[in-house]
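Got your viewer open? Let's take a walk through the model, one selection at a time.

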Amino acid sequence: MMKSNTSFPGRLTPIGLRGVLCALALLLFLVLDLSAGVLVAPTVVILSDKERTGRITIQNPTAKPREVDIYFSFGLPESDSLGDVRISLQDSNVTDTRSALDWIKAFPRKVLLAPNGSQVVRLVANPPDSLQPGEYWARIVIRSQDGAAALPLAGENNQITTNLNMIMQTAIMLKYRTGELTAKLELADASALQRDSLIEVMLDMANRGNVSYVGILTCRLLDAGKKEISHKKIDLAVYRDMKRRINLPFLPGDFKPPYQVEVLITTEGRHDIADKDMIFGNIINRTLAVP
Amino acid sequence: MRKSQGTYRALMMVIAVAVVTVMVLPSAARSQDVAVGSATATVLAALSVTATQALAFGDVFQGIPKSVANTDAAAGIFTMSGTANAGISLYLELPDYLVLADGSDRMVIAFSTTDASVDTTGGGDPTGMVGGDGYLNINPFSLPGTANLSNLGAANIYLGGRVIPTVDQKAGAYSGDIVLTVSYNGT
């Protein structure tokens with residue numbers, strides 16, 4: 001029987017196909033390697049007086065073992081006067097009355113994750129009896145680095161060499177809830193100003209509930225005919241007071257002044273947090289004129 | 001001929017499935033509920049941080065400072081991946097010195113106010129980053145408070161620096177730690 005030696009016009013020959021498959025295998029390997037790292041899920045852990053234990057999963061999809069340490073810290077999203085948000089972690093001497101740092105424990109606290117391995121870390125809350133209704137917070141910090149960190153070797157001829165260990169920390173929010181819970185946000189102040197080709201929206205928010213207000217903030221820039229020029233949507237978490245700056249660009253188009261910004265803040269529509277873990281609260285709708 | 005075409009189609013199908021698998025990988029971190037018939041699975045939102053490449057100075061000579069720019073191929077690279085467009089808070093702890101393994105000598109390492117870049121497109125290549133890709137040449141001690149993951153759920157930090165050996169710096173291998181802390185600021 002004659003061996004088929006057919007090639008498809010304008011297509012790859014079997015040899016070419018083998019090349020493509022080899023290249024694809026290499027690409028797969030590279031992508032897997034590049035996207036590798038210690039992965040932590042979920043990104044928020046909710047405990048309560050009815051469910052005092054929880055868990056997170058840590059995965060090591062890399063081909064190298066990883067040393068992982070788990071510890072607790074305290075840090076809330078805080079804003080500066082420019083409306084930028086930062087989280088500063090505090091490991092000790094935490095005086096915040098909403099801190100759960102002293103009564104949350106993790107098991108295990110140190111793990112050597114094998115290549116492609118995973119580990120469930122269990123979390124247990126032992127709160128004091130005198131807790132007021134509301135939410136208490138801590139950050140679960142997962143610290144990882146290569147498990148087989150080789151000591152750097154001096155170069156030939158007694159040269160000086162360097163080795164920087166790149167250590168990664170992921171800080172996950174833990175919330176402990178007790179009693180009757182209320183999510184309520186107040187928009188204390190809001191303004192919209194034109195700066196060059198941007199509209200800068202500044203929102204001053206105050207949490208009036210006893211839990212963190214977690215939701216979505218949407219800003220839409222509209223022209224005189226209510227035609228949308230641009231919009232921005234961000235995940236929002238307000239623990240106490242927070243100032244947020246949103247920049248809305250003027251996208252090209254046939255738009256007529258005066259312009260206005262519609263602000264919508266709601267606890268609906270978060271897809272990264274299970275509904276059972278959401279505390280639904282008030283909705284804020286505000287329209288701001290752009291001077 | 002028909003058999004070859006069938007083999008070809010099968011191979012192309014394998015390639016297509018593999019390509020889709022690769023494309024879907026980054027989105028595995030997104031949260032979603034999947035329900036098929038009576039089976040339900042919840043994919044939890046995840047956050048991943050990777051040190052893709054260490055900051056590398058190569059060989060260093062006594063009395064001759066050596067710099068690596070954050071746009072250099074030898075820059076340190078961290079890669080973050082998670083929920084698309086999520087706001088993240090970033091904090092870098094950087095060393096003042098690198099030390100010999102036996103602790104007998106140390107070498108100054110310095111970071112200037114332009115030694116970091118945050119690539120919010122998740123491009124991953126420090127040499128190809130431009131201003132429109134995020135925050136170029138910023139202070140590593142004060143990373144931006146409004147950084148977001150890209151619409152594919154990725155971002156990178158590129159880090160440069162400078163080592164300053166003394167004229168009588170001991171030969172040997174010096175090491176130090178660079179620590180990046182990442183958290184979502186919308187949860």
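## A buried arginine to start

Select Arg270(A) and you land on a residue that counts as buried, with 4% relative accessibility. Keep in mind that what you're looking at is a predicted model. Now add Asp272(A) to the selection: these two form a salt bridge, and their closest N and O atoms are 2.9 Å apart. Is Asp272(A) buried or exposed? Asp272(A) counts as buried, because its relative accessibility is 14% and the cut-off for buried is under 20%.

## Salt bridges in chain A

Side chains of opposite charge can pair when their charged atoms come close. Try that idea on your next selection, Arg220(A) and Glu262(A). They form a salt bridge, with 3.1 Å between the closest N and O atoms. Arg220(A) belongs to strand β14 (residues 213–222) of chain A and Glu262(A) to strand β17 (residues 260–266) of chain A, so this pair ties together parts that are 42 residues apart in sequence. Arg220(A) is partly exposed, at 30% relative accessible area, and Glu262(A) is partly exposed too, at 24%.

Don't clear that selection yet. Add Lys226(A) and Glu228(A), and you have a network of salt bridges linking Arg220(A), Lys226(A), Glu228(A) and Glu262(A).

Next, jump to Asp80(A) and Arg86(A). This is another salt bridge, with the closest N and O atoms 3.7 Å apart. Asp80(A) is partly exposed at 29% relative accessibility, and Arg86(A) is partly exposed at 29%. Over all chains, the count comes to 13 salt bridges.

## Zoom in on Thr178(A)

Stay in chain A and select Thr178(A), which is found in strand β11 (residues 160–178) of that chain. Thr178(A) counts as buried, with 12% relative accessibility. Which residues does Thr178(A) touch, not counting residues up to four places away in sequence? Light up Asp49(A), Leu131(A), Gln132(A), Pro133(A), Gly134(A) and Tyr136(A) to see them.

Asp49(A) deserves another click. Along the chain, Thr178(A) and Asp49(A) are 129 residues apart, yet their C-alpha atoms are separated by 5.5 Å. Their side chains are joined by a polar contact of 2.9 Å.

## Step back and see chain A whole

Zoom out and colour chain A by secondary structure: you should find one helix and 18 strands. Chain A has 291 residues, and buried ones make up 45% of them. Of the contacts in chain A between residues at least 6 apart in sequence, 71% join residues at least 24 apart. Switch on the surface, and you're looking at about 15300 Å² of accessible area, with 52% of that belonging to carbon and sulfur atoms.

## Over to chain B: strand β5

Select residues 76–81 of chain B, which make up strand β5. This strand is mostly covered, with five of its six residues buried. Now bring in its partners:

- Strand β3 (residues 47–53) of chain B pairs with β5(B) in the antiparallel sense, over five bridges. Look for Val49(B) opposite Met80(B).
- Strand β11 (residues 154–159) of chain B also pairs antiparallel with β5(B), over six bridges. Here Ile77(B) has Tyr158(B) as its bridge partner.

While you're in β5(B), click on Thr79(B). Thr79(B) counts as buried, at 16% relative accessibility. Its side chain makes a polar contact of 2.9 Å with the side chain of Asn156(B). Among the other residues that Thr79(B) touches are Ser48(B), Val49(B) and Ala155(B).

## Last stop: a hairpin and a patch

Finally, select strand β7 (residues 97–100) of chain B, where Tyr97(B) has its place. Three bridges join β7(B) to strand β8 (residues 106–110) of chain B, and the two run antiparallel. Together β7(B) and β8(B) form a hairpin with five residues between them, and in the turn Gly103(B) has a positive phi of about 75°.

Now click on Val99(B). In β8(B), Arg106(B) stands opposite Val99(B). β7(B) also pairs antiparallel with strand β13 (residues 172–184) of chain B over two bridges, and there the bridge partner of Val99(B) is Ser175(B).

Which residues make the nonpolar surface patch of about 280 Å²? Select Tyr97(B), Val99(B), Val108(B) and Ile164(B), and there's your patch. Tyr97(B) is partly exposed, with a relative accessible area of 37%.

Terms used. Residues numbered from 1 in each chain as written. Chains lettered and ligands numbered in written order. Predicted model: local features only at pLDDT ≥ 70, side-chain atom pairs only at ≥ 80, totals over all residues. Heavy atoms only, no water. Buried < 20%, exposed > 50% of the residue type's maximum accessible area, 1.4 Å probe, protein only. Helix = DSSP H or I, 4+ residues; strand = E, 2+ residues; numbered from the N terminus. Pairing = 2+ DSSP bridges. Patch = residues over 30% accessible without salt bridge, like charges linked within 9 Å, V, L, I, M, F, W, Y side chains within 5 Å. Areas by Shrake-Rupley, 256 points an atom, 1.4 Å probe, with all protein chains shown as cover. Salt bridge = Lys/Arg side-chain N within 4 Å of Asp/Glu carboxyl O. Contact = heavy atoms within 4.5 Å. Polar contact = N/O pair within 3.5 Å; in protein donor to acceptor, adjacent residues only side chain to side chain.
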